[in-house]
Amino acid sequence: MAQLSDDCFAFGGKLMTVDAALALLVERIAPIAEPETVPLADALDRILAADLVATRDVPPHDNSAVDGYAVYFDDLSTQGETRLPFRGRAAAGHPLGRPQKRGEAVRIFTGAPMPAGADGTGPDTVIMQEDCRVEGEVVIVQPGIKRGANRRKAGEDVKAGSVMLPAGQRLRPQDIGLAASIGCTSLDVRRALEVAVFSTGDELREPGTATPPGCVYDANRFALAALLRRLGARVRDLGIIPDRREAIIAALDRAAGAADAIVTSGGMSTGEEDHVKAAVEALGSLHFWRLAIKPGRPLALGQIRGKAFIGLPGNPVAMMVTFLRFARPMLLRLLGARETEPVLYRVRADFAHKKKADRREWVRARLVADETGALVARKFPRDGAGILTSLVEADGLVELPERLTHLESGSMVDFLPFSEVS
Ligand code: AMP
Ligand code: MG
């Protein structure tokens, strides 16, 4: 369970930079999710709890990379063609079953163990069947083959005793395949985070119900729950909470009892209808981080009985951006993930853009091919913080650094693909 202190998110400054905010998050949040063992088939997207050390070599034996003929390289002439009688057969799962003699070739197939020789030696080279001729029981090889050609060495993929996958790795399909290659049937992973979610706002209605005048459907909670599920979290959905202090206190109280972290959207401004701040403070402590960002700010971080509270802005675009850039790394950190920061890619911008200095800005953009086929980032024309369609049309966010004030079309920018973070 999280044991966050009252002042764990305290920050005395005025506007906080993104880097300062991320550094504070890493510093003040310790992983909480204890390990559990899951079958390999259920380990996708989970966070590995401890280094996975190889218990054996992969492949376990030298084997052939092609269909062909196993030979001793030293039996081959470097001047002219070599004629070798071939006898016996080694296929995948069916070793030759006897030592291979000097001066002979053995028919071998991809994945078959390389035959052993008589006295600790053995054939070291495989001639691909396309590179030789066969006359009756004799294989004819031209010079030019390299020693060791087409032979895969035992342990060339994984060495017994080596760390195959480090603790904190978020398990991808290829990681699971690698674990299976040493015969693993289960993995120790971090317990899934329980994250409570609710929306606040008297104007919000549940999809499927009527909307009286002035009301809108709750979009954020569904997007948020989906973002959290992609992180492997288990979502406790507490629904829509009205803009009333007591109602929000009751929801927070329930959330803190049931979950590792609480993520809400809306009600965090300092308008008179924004009651989340007072409610969190009634149960724990809250700190507003006025981030030097657009869209977004403020981000509210707090703790309620040692559980992390993250209050995101209500505007759907601001909610999504602050989730991806702040809440996501924070939750990954709670989960003990090794990598909490997304990878950004350098692409060319095909738009010009003016921005204020000293704040980081995210621009929704699509990736399109220019006339040479290279990808360029094209800005979505409507960029209000409430325009959800802009997120749907976009492939990701162009991240513009603090010092920049004028982006010229054609310059290189950092691009954060949504596929990287969801
Ligand atoms: P707030 O942060 O509560 O001041 O809300 C800012 C804007 O975002 C308002 O226009 C709200 O109606 C809108 N908004 C807040 N929460 C949601 C939500 N869950 N779904 C859709 N829009 C929302
Ligand atoms: Mg509101």
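User: Where is Asp358 found?
Analyst: In this predicted model, Asp358 is found in the loop between strand S24, residues 353-354, and strand S25, residues 360-369.

User: And what is its phi like?
Analyst: Asp358 has a positive phi of about 65°, although Asp358 is not a glycine.

User: Is Asp358 buried or exposed?
Analyst: Asp358 is exposed, because its relative accessible area of 60% lies over the 50% cut-off for that class.

User: What about Arg305, what's phi there and where does the residue lie?
Analyst: Phi of Arg305 is near 50°, again a positive value in a residue other than glycine, and Arg305 is placed in the loop between strand S21 and strand S22, the latter covering residues 307-312. With a relative accessibility of 45%, Arg305 counts as partly exposed.

User: Switching to peptide bonds: which residue is joined to Pro59 by a cis bond, and which to Pro295?
Analyst: Val58 is joined to Pro59 by a cis peptide bond with omega about -10°, and Lys294 is joined to Pro295 by a cis peptide bond with omega about -5°. Pro59 is found in the loop between strand S3 (52-53) and strand S4 (63-64), whereas Pro295 lies in the loop between S20 and strand S21 (299-304).

User: What else is there to say about Lys294?
Analyst: Lys294 is found in strand S20, which spans residues 293-294, and at 38% relative accessibility Lys294 counts as partly exposed. On the surface, Lys294 gathers with Lys14, Arg290, Arg297 and Lys356 in a patch of positive charge.

User: Which residues gather in a patch of negative charge?
Analyst: Asp202, Glu203, Glu272 and Glu273 gather in a surface patch of negative charge. Of these, Glu273 is found in the loop between strand S18 (261-265) and helix H5 (276-283), and Glu273 is partly exposed at a relative accessible area of 43%.

User: OK, salt bridges. How many in the whole structure?
Analyst: A search of the whole structure finds 29 salt bridges. Among them, Asp74 and Arg147 meet through their side chains at 2.7 Å, N to O, and this pair links distant parts of the chain, since Asp74 sits in the loop between S5 (68-71) and S6 (82-90) and Arg147 in the loop between S10 (138-141) and S11 (151-152), 73 residues apart. Arg147 counts as partly exposed, at 49% relative accessibility.

User: And which partner does Asp75 have?
Analyst: The side chain of Asp75 meets that of Arg102 in a salt bridge, at 2.9 Å from N to O. This pair also links distant parts of the chain, 27 residues apart, with Arg102 in the loop between S6 and strand S7 (105-108) and Asp75 in the loop between S5 and S6. Arg102 counts as exposed, at 53% relative accessibility.

User: How about Glu104, buried or exposed, and what does it pair with?
Analyst: Glu104 is buried, with a relative accessible area of 0%, and forms a salt bridge with Arg98 in which the closest N and O atoms are 2.8 Å apart. Arg98 counts as partly exposed, at 31% relative accessibility.

User: Which residues are joined into one network by salt bridges?
Analyst: Asp19, Arg325, Glu341, Arg360, Glu399 and Glu402 are joined into one network by salt bridges that share partners.

User: Last topic, the overall shape: what are the box and the radius of gyration?
Analyst: The C-alpha atoms fill a box of roughly 95 × 50 × 45 Å along the principal axes, and the protein has a radius of gyration of 30 Å, where a compact globule of 422 residues would have one near 22 Å. The protein has eight helices and 29 strands, and buried residues make up 48% of its 422 residues.

Key
Residues are numbered from 1 along each chain as its sequence is written. Chains are lettered from A and ligands numbered from 1 in the order in which they are written. This is a predicted model: local features need pLDDT of at least 70, side-chain atom pairs count only at pLDDT 80 or more; totals for chains, interfaces and linings use all residues. Side-chain values use heavy atoms; hydrogens and water are left out. Patches are made of residues with over 30% relative accessible area and no salt bridge: like charges are joined within 9 Å, nonpolar side chains (Val, Leu, Ile, Met, Phe, Trp, Tyr) within 5 Å. Accessible areas come from the Shrake-Rupley method with a 1.4 Å probe; for residues, only the protein chains shown count as cover. A salt bridge is a side-chain nitrogen of Lys or Arg within 4 Å of a carboxyl oxygen of Asp or Glu. Lys and Arg count as positive and Asp and Glu as negative; His and the chain ends are not counted. The place of a charge is taken as NZ of Lys, CZ of Arg, CG of Asp or CD of Glu. Helices (H or I, at least four residues) and strands (E, at least two) are DSSP runs, numbered from the N terminus. Buried means under 20% relative accessible area, exposed over 50%, partly exposed in between (1.4 Å probe, protein chains only). The radius of gyration is taken over C-alpha atoms; the globule rule is 2.2 Å times the number of residues to the power 0.38.
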